[in-house]
Amino acid sequence: MSINNYNRTSEIILVVFFVLTLICICFFIYFICIVLIVYFTTPHVRENSRYVLFAHMLINDTIYLSLGLFLAVAYQLLFIPVPLCYFILAITTATFRVTPYNLAVMSLERYLAICYPLRYLMFCTVQRSYSVISVMWIVGLLPNVADVIVLSISAKDNFFSQRLLCKQEEFLVQPVQTTIRSVTFLGSLIVVALVILITYIKVMMVARKSGSGQSSASKAGRTVKLHAFQLLLCVVSLTSVITEFYGGDYLTMINFLVFMCLPRLLSPLIYGLRDEVFRKCIRNMYSTICKGKSVDKIKSVK
């Protein structure tokens, strides 16, 4: 195969996976809009800490996917001022870190609901959910604070006045920055994995005692298991650095689609379709829309 044909094939593959990624993100945003409409228009849903955490996860993942797609395109086309580029990268990496934190907190919420039902309302209030969300964001942004301190000390004087192709590697001026990112992310994943594992074991022990495959404990166990699968995909995404080095731009898009988009596309499906409350509200919303269209059609005929 000639070099021109190889480059043409690579460009076609890159375009195909970009279109697939865009379609997946559009589907995700459409579905998240439906779920958030249900969340913000249903008072008893907003007063449940479980759904507060779920809504936060959806908003967080939407920010991550939108900024991630923007960066994937911008790196090929745009020279962005350094301060703006770093701000976008900081928010993107923070949302990436917050995802596993949110999975761990949601697993803990299911653990408290099943194992300590009498104390659940005392521990899991809406106000405490907002406090936990604030803590997640503070912890998610701490590595960026350390990173910007190192960068401001070590970078050249005119560095922040430049324009560049926006990619994280452009800001690595000291080896300690890579160490900070790797240690904090791996440490977070280990802690989150232990939390999910322990909560799953505890919940399944309660489910075994109840002896019913349709009990709330069994359902909670399956939900925690799905959170573990999402976390696994986040862990696998760490290999993207190696595969992208050998595979080029089109493999970067594949990694973004499979390991970045897929775990986040699972979130609305886990709760939006499996959860009885959301499923009922979505069905009622669509039935109302369909009835409204039917009435308008009848009026137009008359």
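Mentor: A disulfide is a pair of cysteine sulfur atoms within 2.5 Å. Keep that in mind as we look at this predicted model.

Trainee: Okay, so what makes Cys85 and Cys166 a disulfide?

Mentor: Their sulfur atoms are 2.0 Å apart, and the cut-off is within 2.5 Å, so the pair qualifies. A search of the whole structure finds one disulfide.

Trainee: Why is the disulfide of Cys85 and Cys166 called right-handed?

Mentor: Look at the torsion about the S-S bond: it's about 100 degrees, so this disulfide gets the right-handed label.

Trainee: And which parts does the pair tie together?

Mentor: Cys85 sits in helix α4 (residues 82-115), while Cys166 is in the loop between β2 (163-165) and α7 (175-210), so the bond joins parts that are 81 residues apart in sequence.

Trainee: How do you know whether Cys85 and Cys166 are buried or exposed?

Mentor: Buried means under 20% relative accessible area. Cys85 has 0%, so Cys85 is buried, and Cys166 has 2%, so Cys166 is buried too.

Trainee: Then why does Cys115 count as partly exposed?

Mentor: Partly exposed runs between 20% and 50%. Cys115 comes in at 23%, so that's where it falls. Cys124, with 15%, is under the 20% line, so it counts as buried.

Trainee: Back to α4. What makes you say it's largely enclosed by the rest of the structure?

Mentor: Count the buried residues: 28 of the 34 in α4 are buried, so the helix is largely enclosed. As for its span, α4 reaches 49 Å from its first C-alpha to its last, close to the 50 Å expected at 1.5 Å a residue.

Trainee: Now the rings. How many aromatic pairs are there?

Mentor: The count comes to five.

Trainee: Why is the pair of Tyr39 and Phe40 called edge-to-face?

Mentor: Ring centres have to lie within 6.5 Å, and planes over 60 degrees apart count as edge-to-face. Tyr39 and Phe40 have centres 4.9 Å apart and planes at 80 degrees, so the label fits.

Trainee: What about Tyr111 and Tyr116?

Mentor: Run the check again: centres 5.8 Å apart, planes at 75 degrees, so that pair is edge-to-face. Tyr111, at 17% relative accessibility, counts as buried, whereas Tyr116, at 36%, is partly exposed.

Trainee: Which residues do ring pairs link into a cluster?

Mentor: Tyr64, Phe96 and Phe185.

Key:
Residues numbered from 1 in each chain as written. Predicted model: local features only at pLDDT ≥ 70, side-chain atom pairs only at ≥ 80, totals over all residues. Heavy atoms only, no water. Helix = DSSP H or I, 4+ residues; strand = E, 2+ residues; numbered from the N terminus. Buried < 20%, exposed > 50% of the residue type's maximum accessible area, 1.4 Å probe, protein only. Expected span 1.5 Å × (residues − 1). Phe/Tyr/Trp six-rings, centres within 6.5 Å; stacked < 30°, edge-to-face > 60°.
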